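Visitor: I would like a walk through this model, one element at a time. Please give the reasoning before each answer.

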Amino acid sequence: MAIDIGGTKIAGALVHPDGTMTATTRRPTPRGVDAEGVMAAVAEVVADLSESPLWSSAVRCGIGSAGPVDTSRGTVSPVNIGAWRDFPVQERIAAELAARGAELPTVLAGDGVAMTAAEHWLGAARGHANALCMVVSTGVGGGLILNNQLHPGPTGNAGHIGHISVAFDGEPCVCGGRGCVESIASGTAIARWARDQGWTPSAGSGPGRSDGATGAAGLGTTPDATAAGVAAAAAQGDPIALAAFDRAGRALAAAIAASATLVETDIAVIGGGVAAAGDTLFGPIRTHLAQYATLSFVQALQVVPATLGTHAGLIGAAAAATMLLPPSVSSESSSAPAPTA
């Protein structure tokens, strides 16, 4: 059983050992309500899942959530869900499951860790024993696979690469540090820096299609002052926009190289909204990586895009549950990710 909690939606699914999903359901994340109002939406998702004929077959539950998280206490304080501060989401979901006859072991994972579990199981990091996976969006998060095991750390925040400092004299970060990757390479930071340098969005830089694609091909009709708009301008050769992505790519490259040097990962998988810029982001990362990953044991480090997209949250919650909780039944398929010892 997988539950994915984010700032815009709360989703649920029953996930099979091969990664296929059934009984998928979702609710919009409530706005303007208190903590119990948000929890009510989660309870509705659980109720939907309980109507599936496969409900009684579930053996564990994984909960992926926007952070900050503290998995040692089972609590979350999502930046984009203001009503939840130190909310005991793991305990509350376990109670909802039990009330519907499913007393399952549960585990909480931050969204970056869940994405890491997903990409290692079925995505771009599959087959790699040591991997760093990252989400580059309005923030920058991540997670680690070490020796084929998910490594969330004591509070579930290991691999949080966004708050590694890559510029010791850089600008202050919202975390209280200075020169963090997130303060340079997040979508918010890219757009802010470009605007500060004098970039202004053109009429062709905004969304121009109903599927939400950006106007990178000149299809947009509405000016877009976000990172998507900067990416569209960079694709058209705008020098400030290109510089903004080069700066972000350099920050990401420095952090990726430092992480790989520390724990000998051999691949970095990058997902999230900013990664949708494609070579506009990955080109600078790979170029600058050569300047930072210089030791022999990191020179072959790969940087690749994530492959699971919007499915990563639910698949990752399920994968994290399988990797972090002990086996429940002997009949589970060996195609599922191996649990930790």
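**Sheets, helices and loops**

Guide: A starting point is a single pair in the sheet: I267 has Q302 as its bridge partner in β12. The model is predicted.

Visitor: How do strand β11 and β12 run relative to each other, parallel or antiparallel?

Guide: Strand β11 covers residues 267–271, and β12 covers 302–305. Four bridges join the two strands. Their direction is parallel.

Visitor: In what order do the five strands of the open sheet lie?

Guide: The pairing within this sheet is mixed. Its edge strands are β10 (149–150) and β12, each of which pairs on one side only. Read across, the order is β10-β9-β8-β11-β12.

Visitor: Which helix lies across β8, β9, β11 and β12?

Guide: Strand β8 spans 131–136 and β9 spans 140–146. The helix that lies across these two, and across β11 and β12 as well, covers residues 239–263 and runs at about 155° to β8. This is helix α7.

Visitor: How many residues of helix α6 are buried?

Guide: Helix α6 covers residues 227–235 and is mostly covered. The buried positions are A227, G229, V230, A231, A232, A233 and A234. They pack against α5 (187–196), α7 and α8. Of the nine residues in α6, the buried ones number seven.

Visitor: Which residue just after α6 takes a positive phi?

Guide: The phi in question is about 90°. The residue that takes it, just after α6, is G237.

Visitor: Is T280 buried or exposed?

Guide: T280 sits in helix α8, residues 279–292. Beyond its neighbours within four places in sequence, T280 is in contact with A234 and F245. The cut-off for a buried residue is under 20% relative accessible area. T280 has 19%, so T280 is buried.

Visitor: How does R195 count by its accessibility?

Guide: R195 lies in helix α5. Its C-alpha is 9.2 Å from that of A241, although the two residues are 46 apart in sequence. Partly exposed is the class between under 20% and over 50%. With 41% relative accessibility, R195 therefore counts as partly exposed.

Visitor: How are α3 and α9 oriented to each other?

Guide: Helix α3 takes in residues 111–122 and helix α9 residues 312–324. Their axes come within 7 Å and cross at roughly 85°. Angles of 65 to 115 degrees count as roughly perpendicular. The two helices, α3 and α9, are therefore roughly perpendicular.

Visitor: How many charged residues are in the contact of α3 with α9?

Guide: From α3 the contact includes M115, H120 and W121, and from α9 it includes I315, G316 and M323. The residues of this contact divide into 13 nonpolar and three polar. The number of charged residues is no more than none: no charged residue takes part.

Visitor: What is the bridge partner of G12 in β3?

Guide: Strand β2 covers residues 9–15 and strand β3 residues 21–28. The two run antiparallel and are joined by six bridges. Their hairpin has five residues between the strands, and G19 takes a positive phi near 95° there. In β3, the partner of G12 is T25.

Visitor: Which peptide bond is cis, with omega near 10°?

Guide: The bond leads into P68, a residue in the loop between β4 (61–65) and β5 (69–70). Its omega is near 10°, and the cis bond runs from G67 to P68.

Visitor: Where is N147, and is N147 buried or exposed?

Guide: N147 lies in the loop between β9 and β10. Its phi is near 55°, a positive value in a residue other than glycine. The cut-off for exposed is over 50%. At 62% relative accessibility, N147 therefore counts as exposed.

Visitor: What is the relative accessible area of E264?

Guide: E264 lies in the loop between α7 and β11. E264 is not a glycine, yet its phi is positive, near 60°. E264 is partly exposed, and its relative accessible area is 48%.

Visitor: What share of the 341 residues in the chain is buried?

Guide: The chain has nine helices and twelve strands. It exposes about 14,600 Å², of which carbon and sulfur atoms supply 53%. The buried share of its residues is 50%.

Key
Residues numbered from 1 in each chain as written. Predicted model: local features only at pLDDT ≥ 70, side-chain atom pairs only at ≥ 80, totals over all residues. Heavy atoms only, no water. Pairing = 2+ DSSP bridges. Buried < 20%, exposed > 50% of the residue type's maximum accessible area, 1.4 Å probe, protein only. Areas by Shrake-Rupley, 256 points an atom, 1.4 Å probe, with all protein chains shown as cover. Contact = heavy atoms within 4.5 Å. Axes fitted to C-alpha atoms, helices over the stretch in contact; angles between N-to-C directions. Parallel < 35°, antiparallel > 145°, perpendicular 65-115°, else oblique. Nonpolar A, V, L, I, M, F, W, Y, C, P; charged D, E, K, R; others polar.
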